[in-house]
Amino acid sequence: MPDSSAGKQQDAKAEFEFPIDNNPHTNYRHQEPWTALALDNLHGFAIQLACAGGSGAIAKTAVAPLERVKILLQVQQMSSLPQQQQYKGLWDALRRIPSREGGIAALYRGNGANVARLLPDVGFKFAVHDQFKLMFTPPDGSPLGVQEKMAAGAATGILRTLMFYPLDFSRTRLTADTTPAGQQRPFAGVASCLRHAWHQRGLRAWYQGMGMSLPGVVVYTSISFTAYDSLKQQLPADKASKEQWWYPFAKIGCGAAAGIAAQTASYPLDTLRRRLQVNGAPGTSLQYKGYLHCLRHMAQHKEGLLRQLFRGWGINCLKTAPGAAVQFVAYDLLRLAVTSIDPAGAVSPL
């Protein structure tokens, strides 16, 4: 008969078991200490965070010139630049920005702030998204359907926006700064940008434009997930197809198409958000009192409301597919580097 201590340990969750007292019918169940399990979970989380954050930083840096031109086209009508000096489009901006603002590095203005928010943003997504998925799991324990996944994604997106919006606000102002070379720029970085805004309007300044950001998150999440799920179902599901060289690229294409569809639907809200974020920044000659005032002013412009709301949309679509491809390749390279050291470290995003 096993002793009482062994009997109590038989009720514990086992990692492995072995006989004691040379009796094959008596098993001793060994339970890993909770500290060891916590360290294992933290180790896996750190590896996933490094791969996702690192690949995201590489992808955003790769398309940073396109992102900057897109934001400039969205908000430059608010700047104090004379109209004849404003950028006419992508190629005009890529040609003139380096000569006007001090070299190739000017094309990457604001990218540092964009990359700086990646790690906390990705970490928050990893930590919170699964909790929302549990929250929206059907009472009968069945797998999440389309509506539940959309709700979990939208809830995660809204909470992420609330927490990290000041970083996005400062990134927009840094990106939209068109100070010529040889003149002192109004902001040295994220901290000085946030300080300047705080002195203007306090905490409210950090959340300018958030009223357009929250519905934009819901629209983007809903459409991107639904479109991606529908497109992915058109791909072959057999094992042989999944092992083909083209299968990952087909999934990238599905993701890019879904992203373009979602960005198209939410782009007018993004334009309004960017304009409200830049509102009152140094170097702007136009002040909006709110969203309706912004819309009315845009409607009175000779270009018309619709064209202004979609300024930069083509550039936004242009950077989607390359950005997704670069992020996938960078993630896979980082994953291979990690698994060469720790074979159980990370899994492929596709």
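Start by selecting the buried residues of helix 10: Met210, Met212, Ser213, Gly216, Val217, Thr221, Ser222, Ser224, Ala227 and Asp229. Keep in mind that this is a predicted model.

Now show the whole of helix 10, residues 210-232. Put a distance line between its end C-alpha atoms: they lie 32 Å apart. At 1.5 Å a residue, its 23 residues should span 33 Å, so the two values agree.

Go back to the buried set. What does it pack against? Colour helix 7 (146-176), helix 12 (247-278) and helix 13 (291-300); the buried residues of helix 10 pack against these.

Next, hide helix 10 and keep helix 7 and helix 12. Are these two roughly parallel or roughly perpendicular to each other? Their axes are 9 Å apart and cross at an angle of about 80°. That falls within 65 to 115 degrees, so helix 7 and helix 12 count as roughly perpendicular.

Zoom in on their contact. From helix 7, select Tyr165, Asp168, Phe169, Arg171, Thr172, Arg173 and Ala176. From helix 12, add Arg273, Arg274, Gln277 and Val278. Colour this contact by residue class: 5 residues are charged, 4 nonpolar and 2 polar.

Last stop: the cysteines. Select Cys193, which is buried with a relative accessible area of 0%. Then move to Cys317. Its relative accessibility is 15%, and the cut-off for buried is under 20%, so Cys317 counts as buried too. How many disulfides are there? With sulfur atoms required to lie within 2.5 Å, the count is 0.

Terms used
Residues are numbered from 1 along each chain as its sequence is written. This is a predicted model: local features need pLDDT of at least 70, side-chain atom pairs count only at pLDDT 80 or more; totals for chains, interfaces and linings use all residues. Side-chain values use heavy atoms; hydrogens and water are left out. Helices (H or I, at least four residues) and strands (E, at least two) are DSSP runs, numbered from the N terminus. The expected span of a helix is 1.5 Å times one less than its number of residues. Buried means under 20% relative accessible area, exposed over 50%, partly exposed in between (1.4 Å probe, protein chains only). Contact means heavy atoms within 4.5 Å. Axes are lines fitted to C-alpha atoms, for helices over the stretch in contact, and angles run from 0 to 180 degrees between N-to-C directions. Angles under 35 degrees count as roughly parallel, over 145 as roughly antiparallel, 65 to 115 as roughly perpendicular and the rest as oblique. Ala, Val, Leu, Ile, Met, Phe, Trp, Tyr, Cys and Pro count as nonpolar, Asp, Glu, Lys and Arg as charged, and the others, Gly among them, as polar.
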